[in-house]
Amino acid sequence: MADSHSEPEKYSLDEMMERLGKSSTSNETEGELVTRADGTQALKVRKRKRRTEQPIKAKAAKTRKIRIIQVTILLILMMILGLGAAGLFVYSNSAPFRTRLLTKISQGTGASADVAQFRVTPLGVNSTRINLQWPENQLLQDLALTRVKADLSPSSYFGKSWSGNEAEAVQATLVMKLPPAGLSTSENAADFSAMHFNRLSANQLNITLNQGDSRMLQLNDTEGSFYQNLDAGNPELRLNKGSLSIANWPTLNLDRASITFQGNDINIGFLRLATSPNDRGTLALSGKISPYSPDTRNTLDITLSEFKISELMGSMSFLLPGKVDTREVEGSNTLTFGLGANPDADLKVSFASSLSSTLGIERFPFLYQLSRRFDDQWFLHPIFESKAIGQLERKGKNVMLTNLELEHRGKIAIVGNLSANQDEVLSGNLDLGVSPTLITNSGDARLDAIFSPVRDGFRWISLKASGIASDPNDNFESIYLNADPSTANLHNNSQAPADKSKEDTETAPELNSDEMWKYLSNSPR
């Protein structure tokens, strides 16, 4: 139903006149009937006056005025900031600021600083070269940085410290030096508290550690990142790739390393080394170093995985080719060294041939003799697939192989100890076991005479090693030539009683580890 009060959309002429009449009557009723002075009457109607104030338009005008003021203030602030930035840019690239910069770097690091071509840009700061040099009594000696760029916070231009997210150098060379007696205190250590960056990095980092006039360690061409603010609260140094050289040790390739600094101690989370960049074999180190305790010998755990044992054998590297893994033996698999008057490293590793490789033995004359007597070229370069274990000890240039046990499928076995002193003089005792069948089939009476009765599946002969490590010698040929062929049948494959076997194979007493090292130390230079 349509609303009775609603207005129609169209009106007729009569309806329009009627509505106009009603409007006039309504207006009259709204007026006031008054009598004029002359006696006439009139309807006094109140006139509507136009208001001088309109709230809506006034509010719009007020808003527009506020916005104009805001834009004006913003433009003024932008001009002030622009002028300030321009002034700061000019000042930051001026000689006074450069002088202030050098003073701040020197105060923050404790080193004398030299900066070349320092520039400030809207994206940060950069310099072609920064050199820092510390006094002689500190661990840090020289730091050379090339093509440096950094993100600086605005407070760095006015405050007492330099801070930012990251500072990066294309190349960095750090030289450190240990005093002859080591570092006894950290009081003179360089203080970098005024240089505060979340990350310091170098695409090509070279580190050298000297003691006196001799070089102890050198790390070249590694990528380094130093994080000052980690969740654990301890700064961390991360290294990637490069080559590591240690005095009296072979040069190894660095794979990765993570090193944290906890108070006065250095904690090596892991440091993986390899013989070459593409070699799967690794040597991993982990443990704690106390650089400010010169009388303390630092010990790191060592783990080998498919690692070429020859890389650790020094002068004896030619004798035992092959890759090994560490095996768990109490008191072994450690690298011990000092940072004071006795920095020489002591290595002790118990090893076994890895699954992907076999160990061999090389260069001994008895191998040629066996190849000749048995007419078998395999003996020139034998490999040991059944068993290959031992223990390597190294102190400086002195190298010792102990508890060596090599065996190949009942054909040959070698048990014994070898050592080479700092002059590469070789010594040691080797028990050589050969298959009884091979000796019998050779038909060589002298060969049969020099080997013991069967014990543990082999017939044995005791040999003495001599010569130098790179050109070893042994007494196999001498024993063979002095043998009495008439005694050949006494040992013809018969299993001798246990006591008699021991008597027949009795050799000179074997030196224990301490006695052998004493012998090496007393050997003439």
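Is F226 buried, partly exposed or exposed? In this predicted model, in which residues are numbered from 1 along each chain as its sequence is written, local features need a pLDDT of at least 70 and side-chain atom pairs count only at pLDDT 80 or more, while totals for chains, interfaces and linings use all residues. Side-chain values use heavy atoms, with hydrogens and water left out. With a relative accessible area of 23%, F226 is partly exposed, where buried means under 20% relative accessible area, exposed means over 50%, and partly exposed covers what is in between (1.4 Å probe, protein chains only).

The protein chain contains 9 helices and 28 strands, which are DSSP runs numbered from the N terminus (helices are H or I with at least four residues, strands are E with at least two). Of its 525 residues, 39% are buried. The accessible surface of the chain comes to about 30400 Å², and 53% of this belongs to carbon and sulfur atoms, the areas being obtained by the Shrake-Rupley method with a 1.4 Å probe, where for residues only the protein chains shown count as cover. Among the contacts (heavy atoms within 4.5 Å) with a separation of 6 or more, 55% are between residues 24 or more positions apart.

The structure holds 5 aromatic pairs, defined as rings of Phe, Tyr and Trp (its six-membered ring) with centres within 6.5 Å, counted as stacked when the planes are under 30 degrees apart, as edge-to-face when over 60, and as tilted for the rest. The rings of F226 and F261 are edge-to-face, because their centres are 6.0 Å apart and their planes stand at 65°. Since F226 lies in strand β9 (residues 214-227) and F261 in strand β12 (residues 252-262), this pair ties together parts that are 35 residues apart in sequence. F261, at 30% relative accessibility, also counts as partly exposed. Elsewhere, F374, W378 and F379 form one aromatic cluster.

Two rings were also found with a charge over them, a term that requires NZ of Lys or CZ of Arg to be within 6 Å of the ring centre and within 35 degrees of the ring normal. The charged end of R238 sits over the ring of Y227, 4.5 Å from its centre, and that of R394 sits over the ring of W249, 4.1 Å from its centre.

The largest nonpolar core, a set of buried Ala, Val, Leu, Ile, Met, Phe, Trp, Tyr and Cys residues joined through side-chain atoms within 4.5 Å, has 95 residues, and those with the most contacts inside it are M316, F364, F366, L432 and F476. Strand β7 (residues 162-178) gives the largest share of this core, with 6 residues. Not counting residues up to four places away in sequence, F366 touches I414, L430, L432, L463, D474 and F476.

Strand β25 (residues 426-434) is largely enclosed by the rest of the structure, because 7 of its 9 residues are buried. Strands pair if DSSP finds at least two bridges between them, and β25 pairs in the antiparallel sense with strand β24 (residues 412-420) over 9 bridges, S419 having S427 in β25 as its bridge partner. These two strands form a hairpin with 5 residues between them, and E424 in the turn has a positive phi of about 70°. β25 is also joined by 7 bridges to strand β27 (residues 458-468), again running antiparallel, with N429 opposite K464 in β27.
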